[in-house]
Amino acid sequence: MEESYRPVKTAVIGCGHISDVYIQNLSRLFSIIELTALCNRTAAAAEEKAKRYGIPQVMTLEEVAASPEIELAVNLTPPEAHYEVIRRMLEAGKHVYTEKILTTNLEQSRALARLAEEKGLFLGVAPDTVLGAGVQTARRALDAGWIGEVTSCQLCINRNQSLNSEIFRMLRGLGGTLPCDVGVYYIGALLALLGPVKAVRAFAAPAALHRPELLYTGERESWQIPGGNLVSAALELESGALASVLFDGNTVNAPRHVFTVFGTRGVLQVGDPNAFDGPVELILPESGACTLPFTHGYDGKNRMEPTPFDFQGHRGVGAAELAWALRRGRRGIRCSAGYGLHCHEVLAGMEEAARTGETFYPQSRFVMEPLEPGHYGSLGGIRGDAERSLMN
């Protein structure tokens, strides 16, 4: 087999809620990935999923690090475990793709980005929904100048994050606030569409002490998600555009997605960036909203067996794009360490600016090139050629 097409042997570390869709996609959807092993703190969970999806090996973290065959580790552990897992994999010479956020500590995120650069390794960071049909179509409309010069942007999402932590225990720890858990999709899409942030100002409020609702856990003890769970922020982008951000995790589970980009010639309404298929509407003077046809594949429609996160059914596309970069000899990836670090800096900057009352200035910078348009997500229910858009 030609070297530039040889599949990258990959291990998934962490077999929790989100792992099913990743395991399916990495083992069946992307030709550039060969998923050879699963790893979990509790081996029984990895063994069960290895049997379910036909993955040949279950390994410990030490065995993944020591394996001479595995080139890429996909980290799906809870955010509080990210630093240690990613550091160990990088030190072992593995490329890493990690779920969001990079770590729960900004200095640790910066240290990991430096370590990856020093070792000449790729460190990819979710969210990779920015590589999906919705955000990539919006990016194409912006690059084509259909709304002119971007002047401002408005982002908003709401949830009852404390109630959600009844079901998803990882939300009770660091990285579990709404801005870090869900708001990162909005910040990630903002960066993918409009580029780096220059300055951050913000106000914030914590989550309330949560009295157990007994909906899932049956627990009697109360807990409080650490960090700002309600954030209102103003961002100045390097382009000169301004963004207004509201992430409210202290309200109810009746989400109201707002992602609007305003320009000198029109307005672009971007769909939910927490999914791959958010519809994109173009609004021009003296006309109603026009829904744009998707210009890219990866619309998130999972056409394999159902999993708990089918609405995000193309998870892992960022890992596949990393694998293609590795095989094709590209110097950079789109969901890069710089991108992930900048997402973290913006989120941490909101918290810091709210605490101090001062402006926070992100230090990192990144460039994210758009994907090549014109490829199919599917052909009559079978896999299309969208993977070609990840090659170059």
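Ile 101 sits in the loop that runs between strand 5 (95–98) and helix 5 (106–119), where helices (H or I, at least four residues) and strands (E, at least two) are DSSP runs numbered from the N terminus. The peptide bond leading from Lys 100 to Ile 101 is cis, with omega near -15°. This is a predicted model, in which local features need pLDDT of at least 70 and side-chain atom pairs count only at pLDDT 80 or more, while totals for chains, interfaces and linings use all residues. Residues are numbered from 1 along each chain as its sequence is written, and side-chain values use heavy atoms, with hydrogens and water left out.

Most residues other than glycine have a negative phi, and most peptide bonds are trans. Against that background, the table gathers backbone angles from four loop positions.

| Position | Backbone value | Location |
|---|---|---|
| Lys 100 to Ile 101 | cis, omega near -15° | Ile 101: loop between strand 5 and helix 5 |
| Ala 126 to Pro 127 | cis, omega near 10° | Pro 127: loop between strand 6 and helix 6 |
| Glu 286 | phi near 60° | loop between strand 13 and strand 14 |
| Tyr 298 | phi near 60° | loop between strand 14 and helix 9 (317–328) |

Glu 286 is exposed, with a relative accessible area of 88%, whereas Tyr 298 counts as buried at 4% relative accessibility; here buried means under 20% relative accessible area, exposed over 50%, and partly exposed in between, with a 1.4 Å probe and protein chains only.

Two open sheets can be followed next, with strands taken to pair if DSSP finds at least two bridges between them. One has six strands in the order 3-2-1-4-5-6 with parallel pairing, and its edge strands are strand 3 (57–58) and strand 6 (123–125), each pairing on one side only. Strand 2 (residues 33–39) is joined to strand 3 by two bridges, and Leu 38 stands opposite Val 58 in strand 3. The other open sheet has eight strands in the order 8-9-10-7-11-12-13-14, and its pairing is mixed. Strand 8 (197–206) and strand 14 (290–291) stand at its edges with a single partner strand each, so one side of each is left without a neighbour in the sheet. Within this sheet, strand 9 (residues 228–237) and strand 10 (residues 242–248) run antiparallel and are joined by seven bridges, with Leu 242 in strand 10 as the bridge partner of Glu 236.

Helix 6 (residues 133–143) is mostly covered, since nine of its 11 residues are buried. What covers these buried residues includes strand 7 (150–158), helix 8, strand 11 (258–263), strand 12 (267–270) and strand 13 (280–283). Leaving aside neighbours within four places in sequence, Leu 268 is in contact (heavy atoms within 4.5 Å) with residues including Ala 138, Ala 141, Leu 142, Phe 259 and Val 261. Leu 268 is also among the residues that touch the most other members of the largest nonpolar core, which has 116 residues; such a core is a set of buried Ala, Val, Leu, Ile, Met, Phe, Trp, Tyr and Cys residues joined through side-chain atoms within 4.5 Å. Helix 8 (residues 178–194) gives the most to this core, with 13 residues.
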